[in-house]
Amino acid sequence: MRPIRILLVIAATMASLARIASAQPTGVTGYEATSIGVLDGFNSSDAWALDDFGRLVGQVGVAPSKSVVWINGELHVIPAPPGGDGGTARELSPTTGVVVGNAMVNGRARLAVWKIDGRSTMLANLAGSLACYGFAINDPGWMAGTCYLSDAAVLWRRFASPVDLGHLGGGSGGSGSSDINEHGEIVGRSYGPLGIFRPFLWRNGEMIDIGGEPANASGYAYGINDQTEVVGDSPSRRVAFHWFQGVITDLPEPYPCGSLRKARAINSAGVIVGQSADADCRWLRVTIWERQEGFRAFLLDDFIPRHPDLTLVEANDINDAGQVAAFGEFDDGRERGLLVTPYLFEMSDPVPGRAGTVNTITVTGLQPNQRVHLVWGTQEGAQKIRSACPGGTLLIRDPQALQAVRADANGVATINVNVPLIARGRTVRLQAVAPIECQISHTVTWTFE
């Protein structure tokens, strides 16, 4: 069959997948880690945030470093805005392709905004501040950040003048913003009346202490979703927490270590990403929490079977497709920013794996009679599907797809592909996609004999 060129990018949302396994996250068979790579002259990278299309912002290198945006498998340097010196990107809006961060002007940091198409600008600092940093942005263009000297959590409504969000302790005092949702609600941390940092939720012009009891426990709020669920952690209590409508729940550990936990982000399905201790109770590793009879915790390393040489160290963000922006270390010493993507069903290698003959690929874990395409390309990527799928990506740059086949009564699809002789020695990436249900398999990288 002749390939039909289509742009597919799918990663199933954690809420919409149907299968449940007691030993793993709901609706997920495993996760695939895609490295964002590095630029020439640098030896490491990190991923700080991502949007619903699988695009990431992060950095390459450490002192000196460059901020980058990763789009469909390619790294692009974040340039300095006009009149600025350097640019540091921090977060992407969910869908509109706007990046927020900061740039330097005469040695002082100012909030900066970039469009992925290359346009950029800088916003005014809060009066009396020496430096302002942007850490979060929503699709309406509201930005949250922190200004120093005044030590204030700040809101910029699109391109309006910055607004000081106030302080829990009254009067002046240290505060800072971490995240903003689509309703303009902001979370962060502020000194409280007892002179310790407390987590806050700012909405309707009011800053609310959401740290609960005891009142002398320190806390930081890092993430908020559109349902006003908030996540963060309490260093003094050594726990990560989830807050919703005044109820605070301490998040469990995957292994009973009694160690510090950190919660950094939460998506619209209520899936939380952060860190907790590994099975040896020695190191903090990337952790997923999901709601099911309370909360369940999973180390993400336990669900990346095709990356045995990779350890996931930190996670900073999660999108509504369940994809995670993470940092990992490979056994050969490479340190990379990563896009970590959940998948639902399994796909075999091509058999017999030779060019000039018919190759068979088997896909399992489908629903009976479910339609699935085999998608292929030559490079890693992260590209949006042209369909009604609500976000997510296919992990192949410039993908092409064969005609769909249907699964049998056991949920197994057999795909026969006549691989031409000219493909001998060629390496391709393969992935199975069920576009109607917005579901994917892991990828297979294969060199035909």
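The lining of the largest pocket is a mix: by class there are 16 nonpolar, 14 polar and 15 charged residues. The pocket itself has a volume of about 1000 Å³, and of the 45 residues that line the pocket, those closest to its centre are E91, S178, D179, N316 and D317. Bear in mind as you look around that this is a predicted model.

Two of those central residues, N316 and D317, lead us straight into a strand pair. Strand β26 covers residues 310-318 and pairs with strand β27, residues 324-330, in the antiparallel sense over 7 bridges. If you want one rung of that ladder to click on, take D317, whose bridge partner in β27 is A325. The two strands make a hairpin, with 5 residues between β26 and β27. In the turn you'll find G322, which has a positive phi of about 85 degrees.

Now for the enclosed space. Rolling a probe the size of a water molecule over the atoms shows where empty space is left. How many cavities of 30 Å³ or more does a search of the whole structure find? Just 1. The largest cavity has a volume of about 60 Å³, and you can pick out its walls by selecting R198, P199, I210, G211, A217, S218, G219, S234, R237, F241 and I248. Sorted by class, that lining comes to 5 nonpolar, 4 polar and 2 charged residues.

Let's step back to the whole chain. Its secondary structure comes to 0 helices and 36 strands. The radius of gyration of the protein chain is 23 Å, close to the 22 Å that the globule rule gives for 449 residues, so the chain is as compact as a globular protein of that length. Along its principal axes, the C-alpha trace spans about 75 × 50 × 40 Å.

How far does the predictor's confidence go? The mean pLDDT of the chain is 89, with 93% of its residues at 70 or more. Residues 1-22 are another story: the pLDDT there is below 50, although this stretch has 89 contacts in the model beyond near neighbours in sequence.

Among the strands, there's an open sheet of 3 worth tracing, in the order β29-β30-β34, with antiparallel pairing. Its edge strands are β29 (346-347) and β34 (413-419), each of which pairs on one side only. Strand β30, made of residues 357-364, pairs with β34 over 7 bridges, in the antiparallel sense. To find your bearings there, go to V363 and look across to A413, its bridge partner in β34.

The loop between β29 and β30 has a detail of its own: it is the place of P352, and a cis peptide bond joins V351 and P352, with omega about 10 degrees. Another cis peptide bond joins A63 and P64, with omega again about 10 degrees. P64 sits in the loop between β3 (56-60) and β4 (66-71).

Follow the chain past β4 and there's one more piece of backbone to check. N72 is found in the loop between β4 and β5 (74-77). Which sign does phi of N72 take, positive or negative? It's a positive value in a residue other than glycine, with phi near 50 degrees.

Notes
Residues are numbered from 1 along each chain as its sequence is written. This is a predicted model: local features need pLDDT of at least 70, side-chain atom pairs count only at pLDDT 80 or more; totals for chains, interfaces and linings use all residues. Side-chain values use heavy atoms; hydrogens and water are left out. On a 1 Å grid over the protein atoms alone, a cavity is a set of points where a 1.4 Å probe fits but cannot get out, and a pocket is an open set with protein on both sides within 12 Å along at least five of seven lines; lining residues have an atom within 4 Å of a point. Grid points are joined across faces, edges and corners, and a volume is the space filled by probe spheres set on the points. Ala, Val, Leu, Ile, Met, Phe, Trp, Tyr, Cys and Pro count as nonpolar, Asp, Glu, Lys and Arg as charged, and the others, Gly among them, as polar. Two strands pair if DSSP finds at least two bridges between them. Helices (H or I, at least four residues) and strands (E, at least two) are DSSP runs, numbered from the N terminus. pLDDT is the predictor's confidence in each residue, from 0 to 100. Contact means heavy atoms within 4.5 Å. The radius of gyration is taken over C-alpha atoms; the globule rule is 2.2 Å times the number of residues to the power 0.38.
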